[in-house]
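Reader: I should like to go through this model with you, beginning where the chains meet. May I put some short questions as we go?

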Amino acid sequence: MINDSIKKEVIILIAEDDDGHAELIQDNLHEAGLRNPIIRFCNGREALDFFYGERDGDIPRCEKGQAYMMLLDIRMPKVDGVEVLRQIKSDPELKSMPVIMLTTTDDPREIRTCYSLGCSCYVTKPVDYQKFAEMLSRLGLFLLVVQVPDLDGV
Amino acid sequence: MGEQGRRLTYSGKSFLLLIVLVALGFAGNFFSLRLFTGFNFLFGSIAVLLVVRLFGIRWGLVAGLAASLWTIPLYGHPYAVIWLCGEPLFVGWLLHKGKKRNILLYDACYWPLAGVPLVWLFFRYAMHVTVLGTVTAMLTYWVVGITNALVASLLLTYIPRIAPLYGLDMSRTIPIHHLIFNILMAVVLIPSIVVMVIYGKGAESRYLKEMYTGIDDSLKVSGYETRLKLQELATKAGGSVPEEREVAAVVRGILLDARGSRQCRITLIDGAGRVIAGTDGAPGTGFDPCRGGSLQQAGESGIYRCMPAAEGVVPLLQRMHDAVFIHRAPLGGGTSWTMAVEFPFAPYQRALLHDHIKSLLIVLALNMFVLVTSISLSHRLAAPLYRLSQVTTDLPKRLLRENISAWPESMVSEIDQLIGNFKVMAIALSQRFQEITYTNETLEHHVAERTGELIRANEELQKEIAERKTTERQRDHLMVELQKKNKELEGIVYVASHDLRSPLVNVQGFSRKLAKSCADLDEFMAGLALDEAQQTLVEPILRESIPKSLGFITRSIEKMDSLLGGLLRLSRLGRTALCFESLDMRLLMSNIIASVTYQIESTGARVEVAPSLAPCLGDSVQVTQIFSNLLDNALKYRAADRPLVVHIASEIFDEGVRYCVEDNGIGIPSDQQDKIWEIFHRLNPGETQGEGLGLTMARRIVDRLDGSIWVESEPGVGSRFYVVLPRSPKAMGI
């Protein structure tokens, strides 16, 4: 049913300002078995530019027909995660993209805000591998079934 | 004040009164009382004077004219108008100029000053009246004038009562001397006038009667004598008619005898109307005694009065003076001759006038006497009253300024009593005034003092208020500062704990990675063929040193993490919204106990909650946290040698509800009892778990809920934690 020619891997987008955190997350993803391509943004501005910005040399831009999944850190310079979440979820094209919030805080207010804006999941750092894998697996199964071709039948 | 009475108000009613008075003036003269011929008591000037007084000079003049017009036909000369109009003019002018409004006085001045001289002038020089007649006329006018003025004056004392009815502006009061004057004059004058009038009316008829008797007598006597004489002559002449000339001479003598000393004329007239003989007059002339005059029957039958025709203007009295009374009767004795007697009225009039003058003079003298006496008498009577009224005008002010000593005296007992009363009253008043003034002054003094005190107190109060306000402002300012700082602090803690967390995540994560890498290395090394020496070098590093180090790092990180977490929770305490409600503490406690059921059972502890646990006012989550922490502590710091017993009770006070959580744990040494509230402080760090945040948080919460928390403890025995929370308003009714 899924046409190979238009079937593509899910690209995982990570918006995280701290390099250490980003590396840890990528490690976790590897350990969870995901080999999808990863694009890293250092702040909310870059993340938004990916979707809305003009062509600017080598800087990656989103493509039509490509599936994405986003891991969003809340506290980022320039534009913070909540704002990015808000913009994405109010865009009819990007609304369906799964967004996972990552943050050090477990402030119930923040959690409420993010869920009310429409994030798919909320994970507090430190993200230990087990929790992460568990979470991903909940999400991931869904993802794997639909989108990730590598693990699907090859 | 003299003007007021004569301010003309041209209202309909007052005009009506004017018309009526003018008419009355005329009527008064028309219906004048006849004293004797040529002399009437004219009432008209009463009304004229009233008009002058009420309506002014102009209207007075009009009234005077209207009234005196009747005298022209009455007396036969127009000159009476002059002095009868002069009267209102003079009186009116004096009323206008003078201060008193005494008509009588002014009128009494008019006649001697102006009226009477005018009469003299016109009677003597314009009409050539006899002196006697003129004098009588003068006196008559004078007396009549004054009498009328008196009547008018008396009437005027009653007019003030009715003046408002006619819209006339007159003062309602009359000076007392005026009143007395009027009364005295009236009492003296009116009877005398009445007497004069009565006498006057009788006098003329008496004189006339006398004259008629005289006429008759003369006629009889002269007739008788003449008849005798004629008979004599007839017998002498032998029966034939004697000669007229002879008869004339003889008869004349008889007639002269018959006349005697009387002033009259006796005439013998033949049948043809020609004089035969007479005391006056030539024989042979026609007998026409009343040439050009008017003949009128007078009194008795047969007597006629002849009033000669007036040459020029002549007053009635003068014409009367020239009047002749004629009686003509047939002689009889066989002849057709008549005898006529002519009596001039003049002598009788003279006598009449003399009498009249006498009575007039008496009246006038009485008049003057009364005038003078009444003025002085009325003044004597009225003066004390007047003085009294002067002295008592503005009495209050006078009493304040001076002591009144000039009290009048009077011999009239009522006035004397009045003066006495006034004196007493003045003394009493002045005493009262003094008292009042004194009280007033002292009062003012007191008031001034009080006011001063009040002002000072006020000023002090104001100062205090200002100070208070400043203090309050400062306090508010400080409060605001405090809140700001608090918020800042919480913000800092919040942000710090977040930002501190971030590196922690890295450290943790990468230490783990390190450990894994180590394990991988170990595995790889195991696959390598290493000699003993190399292995003994590598193994300790790989298997002991590195893991141990990593272990310490990891544990420290975890500790830090939990501390940061505690800080975060603590800071969050100040930021959560509070929802105050009435809390059912029994329910709350049972919930807490239920959440630590496992710990309670596994340690064999017993938690007892008093059945009558009082409700309080607070936020349920926060209050749960407090007691949860306390219970946790009790469980943590239980004594090793005995089972834990926790007792929770409450007591109601006015200020709030005091809860007590009592345990039989290890207790708290007294030097630690203050420190336990500090953040991160732990009683037994080695033996018990926890971050040392429980009590700090509890205190924080209690502070926010407006309560208090403290501890009483004895090491080895146990501890009692007291928590005071506000009373629930609903419960207060119970």
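**The interface and beyond**

Author: Certainly. Across the interface of chain A and chain B, five residue pairs are found in polar contact, with both residues at pLDDT 80 or more. Please keep in mind that this is a predicted model.

Reader: Which elements of chain A give two or more residues to the side that touches chain B?

Author: They are α1 (19-32) and α4 (108-117) of chain A. Of the elements on that side, α1(A) gives the most, with six residues.

Reader: How many residues does each chain bring to the contact?

Author: Chain A brings 19 residues and chain B brings 16 residues.

Reader: And how much area is buried between the two chains?

Author: Chain A and chain B bury about 1500 Å² between them, and 47% of that lies on carbon and sulfur atoms.

Reader: Turning to charges, how many salt bridges are there between chain A and chain B?

Author: The count is two salt bridges between these chains. In one of them, K513(B) pairs with E23(A), with the closest N and O atoms 3.2 Å apart. K513(B) also meets D27(A) in a salt bridge, at 2.2 Å from N to O.

Reader: Where do the two residues of that second pair lie?

Author: The pair crosses between chains: K513(B) is in helix α13 (residues 413-527) of chain B, and D27(A) is in helix α1 of chain A. E23(A), D27(A) and K513(B) are thus linked in a network of salt bridges.

Reader: Is K513(B) buried or partly exposed?

Author: K513(B) is partly exposed, because its relative accessible area is 24%, and the buried class requires a value under 20%.

Reader: What is the total number of salt bridges over all chains?

Author: A search of the whole structure gives 20 salt bridges over all chains. One of them joins R45(A) and D49(A), at 3.7 Å from N to O.

Reader: How far apart are R45(A) and D49(A) in their helix?

Author: They are four residues apart in helix α2 (residues 44-52) of chain A, so about one helical turn separates them. R45(A) is partly exposed at 38% relative accessible area, and D49(A) is partly exposed at 26%.

Reader: Which residue does E435(B) pair with?

Author: E435(B) forms a salt bridge with R432(B), and their closest N and O atoms are 3.6 Å apart. Both residues lie in helix α13 of chain B, three residues apart, about one turn of the helix. E435(B) counts as partly exposed at 44% relative accessibility, and R432(B) is partly exposed at 45%.

Reader: A change of topic: how many disulfides are there over all chains?

Author: The search of the whole structure finds zero disulfides.

Reader: Why does C114(A) not form a bond with C119(A)?

Author: The closest cysteine sulfur to that of C114(A) is in C119(A), and at 5.3 Å it is too far for a bond. The limit for a disulfide is 2.5 Å between the sulfur atoms.

Reader: What about accessibility: is C114(A) buried or exposed?

Author: C114(A) counts as buried, at 0% relative accessibility. Another cysteine, C579(B), is partly exposed with a relative accessible area of 45%.

Reader: Let us look at the strands of chain B. How do β6 and β7 pair?

Author: Strand β6 (residues 303-307) and strand β7 (residues 324-330) of chain B pair in the antiparallel sense over four bridges. Within β7(B), I326(B) is the bridge partner of Y304(B).

Reader: How many bridges join β7(B) to β8(B)?

Author: Seven bridges join them, and the two strands run antiparallel. F325(B) has F343(B) as its bridge partner in β8(B).

Reader: Where is E342(B) found?

Author: E342(B) is in strand β8 (residues 338-344) of chain B. E342(B) counts as buried because its relative accessibility is 4%.

Reader: What is E342(B) in contact with, leaving aside neighbours within four places in sequence?

Author: The contacts of E342(B) beyond those neighbours include C264(B), R265(B), F287(B) and P289(B). V324(B), F325(B) and I326(B) are also among them.

Reader: Lastly, where is E210(B) placed?

Author: E210(B) is in helix α8 (residues 176-236) of chain B and is partly exposed, with a relative accessible area of 47%. Its C-alpha atom is separated by 8.7 Å from that of Y348(B), 138 residues away along the chain.

Terms used:
Residues numbered from 1 in each chain as written. Chains lettered and ligands numbered in written order. Predicted model: local features only at pLDDT ≥ 70, side-chain atom pairs only at ≥ 80, totals over all residues. Heavy atoms only, no water. Buried < 20%, exposed > 50% of the residue type's maximum accessible area, 1.4 Å probe, protein only. Contact = heavy atoms within 4.5 Å. Pairing = 2+ DSSP bridges. Buried area = accessible area lost by both parts, 1.4 Å probe. Salt bridge = Lys/Arg side-chain N within 4 Å of Asp/Glu carboxyl O. Polar contact = N/O pair within 3.5 Å; in protein donor to acceptor, adjacent residues only side chain to side chain.
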